[in-house]
Amino acid sequence: MATPVTLTPVGDPWPERSSWPDHLYPLHGPDFARDPFTYYDNLRRHVGPVVPVSLEESHSIRGYLVIDHAIQLDILRNQRQIWTRDPRWYRDLAEGALPAGHPLIAQFAYRRSRLCSEGAEHAQLSGPGNKALARLDMLRTRDLIEELADQLIDSFFPDGQPADVNEIDILDRYALQLPLLVLMRLTGMEEHSALTAGTAIQEMLSGSAGAQRAAEELAVLMSDLVEHKRKEPGADLVSWMHHYNASGEAEPLTARELSEDIWLQIVAGRGASTTWICNTVLELMTNERLNEDVIAARCSMDQAMNHVMWTNAPIQNLIGRWATEPTWLGGYRIGTGDMAIIGLGASGADPAMRAVGLDTSRTNNAHLAWGAGTHGCPAPARELGALIVRTGLERLWDRLPHMELAVPEERLDWAMPHIARMPTALPVRFPRPPADQPNGESEEWTVTSTPRPAATEPIPPQQQHTSPFTSSPPRTISTAGKDEPSGPRGLLPRWRSLVAWWPKR
Ligand code: HEM
């Protein structure tokens, strides 16, 4: 067990504890996993807008689940500066009260990252990453996503020959892979490091015995990437982060801080995009009216995705926020270091929001699925996340029309929805795709709707392995006005082995 920390992060002794309610409602177990929405609804009706909960059997991981939209927003905006996202304020953790080895404990590890910082430090740690993301040329990024999506769809038919009826697990073969491949490409990873990083991320998130070793391996890969791009910048996000880091007015970040931010972008971006793709596929396959409207273009894919943000948010609970001083929450006295859990998954069932929002859920984007306040998903990251998900879904709907669930919805197994809510597998069935679809053997399909040099044109050697979704940062660090505009850079290299290798679960 870790040595208990007896002082708060600002060096004061922890104040006397507020007492916890006698009864903690279980936020675990099969009923909760299968149908958290009915569960939240019952809690709201029988307990109230804030519910004292435990996240596992021993009741050691406990917090106040907030299921009311307005109170959620108040905590996230944090205008009274009571709440922090720095887990060193989590008193039960600091005092060593959490059960060793529980998979959720990794969520509470402090990292020298914007996620665990506040105020000026948060702004400093966020700067280079946000500015680099804002450099992305979204049209070209869309090309990249389409190309990777097509490679993945081609890989459903290893010999290029679809059967009359085809069945695959769309979560494993597509939703888990596409966002990670895109993010690894945008950060400028070489294929061989991306292979190792992909395996390490899978293992780290599996909660298996090797998770800790995988996390360490990933950290080494991220720092190698930062070092490599410092010496040899290219047309990628990490090189732009170096550029803004060296040319900004703030104190430059260390290599370690830069690599933490890249880690955060890949892990956070991948997790939420995967779940959003998966949940939208499921919604469209089970909500006939919505699917018909999407197919008939009465509803855009964006609108279908917005609906899912309300009804089955990719991130279900923000675990958590910690009180830096005693306060009141929904009638409960909260002590310094107690945890609030923002139940985003419960918002769609909030009667107040249902009254104003759910009828228009395709267009009303007042949901909190992106978070809010300082720690809300930053604007350029949202734009990228939505692009990955929309493009991925549009390619699926274009190339595999008539896709349907291969098992009844009630037979899907659900992972514990503490943070993300996804089935453990999403088997789908679809007929032979139309004959003129790309099949991976033809060269023609690499030319997308955006003009690119013809395949026969030689690609200059220095451009062969660059990705055309952003320009290269200027070599000489300078202030504004010297950035080169992005320009066409030739065909994207295919990641054949990466797509083919993907570990099957
Ligand atoms: C695709 C759908 C996405 C959703 C639904 C989503 C959702 C969220 C949410 C709810 C938070 C708030 C976390 C909290 O308050 O504790 C967040 C934060 C964050 N997201 Fe996203 N995200 C998405 C995509 C992405 C992508 C693609 C990236 C990066 C490339 C990204 C980078 C981040 C970062 C860096 C933060 C931390 C912000 C901070 O603490 O200052 N997200 N995201």
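How far is an oxygen atom of the ligand from an N or O atom in the side chain of Arg85? The answer is 2.7 Å, which puts the pair among the polar contacts (N or O atoms within 3.5 Å). The model is predicted, so to speak of local features takes a pLDDT of at least 70 and side-chain atom pairs count only at pLDDT 80 or more, while totals for chains, interfaces and linings use all residues. Residues are numbered from 1 along each chain as its sequence is written, and side-chain values use heavy atoms, with hydrogens and water left out.

Two histidines also reach ligand oxygens: a polar side-chain atom of His122 sits 2.6 Å from one oxygen atom, and a polar side-chain atom of His375 lies 2.8 Å from an oxygen atom. Around the ligand there are 27 residues, counted when a heavy atom lies within 4 Å. Arg85, His122, Arg321, His375 and Cys377 are the closest. By class, the shell holds 15 nonpolar, 9 polar (Gly counts here) and 3 charged residues. Helix α12 (255-286) gives the largest share, 6 residues; β6 and α16 (379-399) each bring at least two.

β6 also belongs to an open, mixed sheet of 6 strands, ordered β1-β2-β3-β9-β6-β4. Helices (H or I, at least four residues) and strands (E, at least two) are DSSP runs, and strands pair when DSSP finds at least two bridges between them. At the edges are β1 (25-26) and β4 (83-84), each paired on one side only. β1 runs parallel to β2 (residues 50-54) over 2 bridges, with Pro26 opposite Ser54.

Terms used. A polar contact is a pair of N or O atoms within 3.5 Å; within protein, one must be able to donate a hydrogen and the other to accept it, and residues adjacent in sequence count only if both atoms are side-chain atoms.
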